[in-house]
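Trainee: I am new to this structure and would like to understand how its terms are applied. Could we go through some of them together?

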Amino acid sequence: MQKILFLTPRFYPNLGGVEKHVLEISKELSRQGFEISVFYEDTQNYQSDSLTDKEVKASVMADISVNSDSEMIGRIKKYKFNFGGVGKLKKFRIWKTLWKNRKLIRRSDIIHCHDVFIWYLPFVFLFKNKKVFIT
């Protein structure tokens with residue numbers, strides 16, 4: 001059974017085009033026998049979209065891996081992470097979180113990035129033989 005990891009900015013139950021697309025593709029691929037994991041950002045718990053890097057570090061980001069949440073939708077495994085609000089350092093928090101959870105990448109046969117290839121960019125060099133798709 002092949003394993004697919006979707007990287008997406010938002011996912012169900014959030015509403016939107018990318019969220020619906022990833023959900024429906026995940027359901028169909030799951031029906032076809034693929035093992036699906038979705039790594040996405042938890043945007044519902046932000047106090048404000050304008051938190052600075054300093055405010056994020058002081059409040060919600062004591063340890064990023066502790067702030068993760070995972071659950072199942074049918075046979076789809078969801079991994080929700082809180083990266084904090086906007087700021088110049090946000091991409092580094094995302095990369096740190098992916099690094100801490102690199103087992104998700106390692107065990108996946110296919111990586112599919114939806115609007116967030118920048119999240120996966122540093123890992124291209126570590127996982128050279130992974131099949132990577134961008135939407």
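Mentor: This is a predicted model, in which local features need pLDDT of at least 70, side-chain atom pairs count only at pLDDT 80 or more, and totals for chains, interfaces and linings use all residues. Residues are numbered from 1 along each chain as its sequence is written, and side-chain values use heavy atoms, with hydrogens and water left out.

Trainee: Is Tyr-120 buried or exposed, and what is its relative accessible area?

Mentor: Tyr-120 has a relative accessible area of 1%, and buried means under 20%, exposed over 50% and partly exposed in between, with a 1.4 Å probe and protein chains only, so Tyr-120 is buried.

Trainee: Why does Phe-117 count as partly exposed?

Mentor: The relative accessibility of Phe-117 is 26%, and therefore Phe-117 falls in the class between buried and exposed.

Trainee: What makes the pair of Phe-92 and Trp-95 edge-to-face?

Mentor: By the ring rule (rings of Phe, Tyr and Trp, the last by its six-membered ring, pair if their centres lie within 6.5 Å; planes under 30 degrees apart count as stacked, over 60 as edge-to-face and the rest as tilted), the count comes to 9 aromatic pairs. The ring centres of Phe-92 and Trp-95 are 5.2 Å apart and their planes stand at 90°, so the pair is edge-to-face.

Trainee: How do you know that the pair of Phe-117 and Tyr-120 is tilted?

Mentor: Their centres are 6.5 Å apart with 55° between the planes, an angle that is neither under 30 nor over 60 degrees, so the pair counts as tilted.
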